[in-house]
Amino acid sequence: MRYKSYILFLSGLLLAGCSVEGVPGTDGRDDRIPVEIGVQTQGETKAEVTSMEGLQFGLLALDPSRAPWSQAEDVLIPSSPAQVTGGSVRFIGAQNQYYYPVNADANYTFYAFRHKEMRVDEDPSAFLAVNGGETFQISGIRVGHQDILWAKSEATPLPDPSDESVTFPGYNAGYAMMAKTWYGSSPEVYALYRPFLRFRHLTSSVRFAFVAASEAAAQEMASKVSLTNLSLEGVHGSATLDVLAGTLSPEGDAVTITLDGEPVEPGWNGGEGNVFGEEALYVLPSDAIKLNFRIAAGGTGYSPVHPVEVSAGDALLPGHDYLFKIKVSSAKDIALELIDETDLREGLIFHFEELTENGDSRTISDTI
């Protein structure tokens with residue numbers, strides 16, 4: 001009961017237009033409490049997007065306990081375009097500032113999402129999450145050549161420093177006002193009680209390198225052997241994002257995605273080889289991925305008889321960068337192995353048992 005009375009008392013102050021010194025937006029002329037959001041600009045995982053500074057994304061804020069969100073006060077920010085500027089969130093467009101409703105007891109949670117195409121001047125619909133009754137979703141997000149990011153900020157209960165039995169459970173007007181009143185003189189502490197977005201990657205980044213078995217092998221194969229084509233089968237080219245859960249669901253049938261790139265020779269470089277392709281491919285971690293490629297050697301083209309299984313589904317983790325190495329020993333003996341040398345699955349080796357030569361199967365050695 002003490003908790004409820006405290007909330008009602010604060011609401012009464014705000015509605016009366018009383019000023020609270022040091023609280024943004026409460027100067028006696030405007031009793032609205034602005035929504036202030038911080039963001040982590042540097043990524044924590046290895047993927048294409050490593051800094052959010054200057055990037056646009058979609059932002060949604062609502063009380064998740066109030067599904068299906070039929071009242072105006074249930075949704076604070078209705079899936080709006082925003083941008084990271086100076087480590088803070090700035091809203092884009094006519095609605096360039098949002099305020100907490102002073103007479104609502106909703107406890108808001110913030111959700112953010114981004115994929116590569118998102119620019120409000122090019123496609124405003126990319127920022128629109130649709131209310132499905134139980135969650136908000138975005139369908140038709142392209143997968144394969146772009147990373148997909150997501151963030152969630154749920155409030156830490158705000159304690160009264162003079163009486164820790166009194167707390168505010170979620171982001172709302174009372175929470176924002178008292179956080180500033182109690183902790184505003186300590187920026188580091190105050191920052192703990194404002195919405196803060198830490199973006200994470202929902203896809204897995206996959207790259208491939210063409211590697212010689214040794215430095216001598218690289219010299220022997222120079223201008224004689226090259227990796228010319230590479231594609232992934234069994235991947236989905238489109239997905240639906242559950243904005244509240246931060247999960248991707250595949251749409252439609254599996255497709256083949258080609259990695260564009262100029263032919264590369266098997267390199268040594270201390271065993272690192274030469275990376276094929278102009279970019280990484282981004283895949284759903286739940287996809288069962290198979291690799292196909294073509295190696296040119298002495299005027300002959302070689303490919304696996306059957307696409308090689310790289311991931312059986314759920315074997316990859318979102319937000320991690322997987323580097324697979326296609327290793328070749330010599331131009332005369334096209335014996336290959338595929339090695340995953342990521343930090344998570346180092347040493348997992350896939351052996352190519354067969355290649356095709358001019359359409360005929362050819363069994364090869366499974367060792368280098």
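A contact here means heavy atoms within 4.5 Å. The model is predicted, so local features need pLDDT of at least 70 and side-chain atom pairs count only at pLDDT 80 or more, while totals for chains, interfaces and linings use all residues. Residues are numbered from 1 along each chain as its sequence is written, and side-chain values use heavy atoms, with hydrogens and water left out.

**Exercise 1.** Describe the make-up of the protein chain and the sequence range of its contacts.

Solution. Step 1: count the secondary structure elements, taking helices (H or I, at least four residues) and strands (E, at least two) as DSSP runs numbered from the N terminus. The protein chain has 28 strands and four helices. Step 2: take the contacts between residues at least 6 apart in sequence; 68% of them join residues at least 24 apart.

**Exercise 2.** State how much of the protein chain is buried and what surface it exposes.

Solution. Step 1: apply the cut-offs, with buried under 20% relative accessible area, exposed over 50% and partly exposed in between (1.4 Å probe, protein chains only). By this rule 48% of the 368 residues are buried. Step 2: turn to the area, computed by the Shrake-Rupley method with a 1.4 Å probe. The protein chain exposes about 17,000 Å², and carbon and sulfur atoms supply 48% of that area.

**Exercise 3.** Find the salt-bridge partners of Arg-66 among Glu-73 and Asp-74, and place them in their network.

Solution. Step 1: a salt bridge requires a side-chain nitrogen of Lys or Arg within 4 Å of a carboxyl oxygen of Asp or Glu. The structure holds eight. Step 2: Arg-66 meets Glu-73 at 2.7 Å, N to O, and Asp-74 with the closest N and O atoms 3.3 Å apart. Step 3: Asp-74 is buried at 5% relative accessible area, whereas Glu-73 is partly exposed at 31%. Step 4: the network of salt bridges links Asp-63, Arg-66, Glu-73, Asp-74 and Asp-105.

**Exercise 4.** Locate the two residues of the salt bridge between Lys-325 and Glu-272.

Solution. Step 1: the closest N and O atoms of this pair are 3.6 Å apart. Step 2: Lys-325 lies in strand β24 (residues 321-328) and Glu-272 in the loop between β19 (255-258) and β20 (274-283), so the pair, 53 residues apart, links distant parts of the chain. Step 3: Lys-325 is buried at 3%, while Glu-272 is partly exposed at 44%.

**Exercise 5.** Characterise the surroundings of Ser-88.

Solution. Step 1: Ser-88 belongs to strand β5 (residues 88-91). Step 2: Ser-88 is buried, at 16% relative accessibility. Step 3: leaving aside neighbours within four places in sequence, Ser-88 contacts Ile-37, Val-39, Gln-83 and Arg-194.
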